[in-house]
Amino acid sequence: MRPLPRTTGLGFKPEHFRDIMSDPGAVGFFEVHAENYMGDGGAPHAMLAALRADHALSIHGVGLSIGGADGLNQDHLERVRKLIERYQPASFSEHLAWSSHGAAWLNDLLPLPYTQETLDTTCAHVNQVQDRLGCRMLLENPATYVTFESSTWSETDFLAELVRRTGCGLLLDINNVFVSATNHRFDPRAYLAAFPLAAVGEIHLAGHDAEELPSGPLLIDSHGAPVADPVWALYAEVVEQAGPLPTLIEWDTDVPDFPVLLSEAARAKAVLERAKAGPARAA
């Protein structure tokens with residue numbers, strides 16, 4: 001795989017197809033969810049093929065349940081392999097989460113305890129995916145709402161060990177960092193200082209919803225609002241430290257008109273351009 005361009009991208013939504021085709025140079029790359037393209041043909045594939053002709057593509061999976069205790073669903077993995085073979089994306093990524101148990105599908109990205117057992121299982125699953133797909137995958141840090149007393153690793157150490165043992169890369173979702181930090185009352189900057197930035201191949205930015213509970217604020221990773229100012233601030237600090245990285249604006253619910261997404265992408269691009277023009281970064 002050739003890497004994603006170090007610029008900004010958008011999650012592809014079919015309702016924006018005509019806008020995209022009218023100005024194909026407006027966005028650096030597009031990302032699609034693998035599970036939306038597991039049929040063989042029809043309008044979804046016709047649009048994706050046209051999109052791929054002019055743009056780099058990132059394929060983002062939500063259904064491998066890579067942190068689950070059970071073995072990977074081999075039929076699902078084979079469908080992902082065929083999709084990658086068909087479209088030759090610049091990146092494939094999945095989530096550090098689980099979503100199935102036995103024959104039950106839970107339709108959510110659920111957190112896992114960070115223990116030696118879950119580390120060993122997740123490493124084995126990542127190795128299976130990379131062997132089957134023939135490429136290095138990226139694994140995304142989760143947004144979480146609960147933690148586990150049984151965890152013996154910090155999330156950042158768990159991810160760093162996954163990288164060391166499997167050679168995978170990471171997808172850093174900065175909104176997820178801010179959501180988890182707010183919900184669990186930790187410092188997002190301390191989390192990012194411990195994050196293995198050298199392994200990051202893509203950044204995600206998204207909006208969230210907020211509720212005020214008696215115990216304090218609760219944030220929900222909704223992907224249905226503009227990127228919040230504290231997340232923009234964290235993003236600028238990460239780019240200043242790590243340098244320009246492929247950056248995706250995620251907006252999956254209450255999807256706005258295309259110019260709104262372009263405006264969010266332009267704001268991220270301005271951050272990347274300032275980093276490119278700035279002084280040499282510390283190693």
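Ser91 is a good place to start: with a relative accessible area of 7%, this residue is buried. The model you are looking at is a predicted one. Within this model, Ser91 belongs to strand β4, which covers residues 91–95. The notes below move from the whole protein to a handful of individual residues.

**Overall build**

- The protein holds nine helices together with 12 strands.
- Its radius of gyration is 18 Å, close to the 19 Å that the globule rule gives for 283 residues, so the protein is as compact as a globular protein of that length.
- If you lay the C-alpha trace along its principal axes, the span is about 55 × 45 × 40 Å.
- Of the contacts in the protein with a separation of 6 or more, 80% come from residues 24 or more positions apart.

**Surface and charge**

- Buried residues account for 51% of the 283 residues.
- The protein has an accessible surface of about 12,800 Å², and carbon and sulfur atoms supply 52% of that surface.
- There are 20 positive and 37 negative charges, and the mean positions of these two sets lie 9 Å apart.

**Around Ser91**

- Leaving aside residues up to four places away in sequence, Ser91 touches Met1, Leu4, Leu57, Ser58, Ile59, Leu138 and Glu202.
- Ser91 counts as buried because its relative accessible area of 7% falls under the 20% cut-off.

**Around His208**

- Look for His208 in the loop that links β9 (200–206) to β10 (209–213).
- Although it sits in a loop, His208 is buried, at a relative accessible area of 14%.
- The His208 side chain has a polar contact, at 2.8 Å, with the side chain of Asn175.
- Asn175 also appears among the residues that His208 touches once those up to four places away in sequence are set aside; the others are Phe178, Val179, Leu219, Ile220, Asp221, Ser222, Ala225, Ala228 and Val231.

**Strand β6: Asn107 and Asp108**

- Strand β6 runs over residues 104–110 and includes Asp108; Asn107 is placed in strand β6 as well.
- Asn107 is exposed, with 66% relative accessibility, while Asp108 is partly exposed, with a relative accessible area of 46%.
- The backbone at Asn107 is worth a look: its phi is positive, about 55 degrees, although Asn107 is not a glycine.
- Beyond residues up to four places away in sequence, Asp108 touches Trp98 and Ser99.
- For a sense of distance, the C-alpha atoms of Asp108 and Leu192 are 25 Å apart, and these residues are separated by 84 residues along the chain.

**Another positive phi: His223**

- His223, a residue other than glycine, has a positive phi near 55 degrees.
- You will find His223 in the loop between β11 (216–220) and α8 (229–242).
- His223 counts as buried, at 12% relative accessibility, whereas Asn107, with its positive phi of about 55 degrees, counts as exposed at 66%.

How values were computed
Residues numbered from 1 in each chain as written. Predicted model: local features only at pLDDT ≥ 70, side-chain atom pairs only at ≥ 80, totals over all residues. Heavy atoms only, no water. Helix = DSSP H or I, 4+ residues; strand = E, 2+ residues; numbered from the N terminus. Rg over C-alpha atoms; globule rule 2.2 N^0.38 Å. Buried < 20%, exposed > 50% of the residue type's maximum accessible area, 1.4 Å probe, protein only. Contact = heavy atoms within 4.5 Å. Areas by Shrake-Rupley, 256 points an atom, 1.4 Å probe, with all protein chains shown as cover. Lys, Arg positive; Asp, Glu negative; His and termini not counted. Charge placed at Lys NZ, Arg CZ, Asp CG, Glu CD. Polar contact = N/O pair within 3.5 Å; in protein donor to acceptor, adjacent residues only side chain to side chain.
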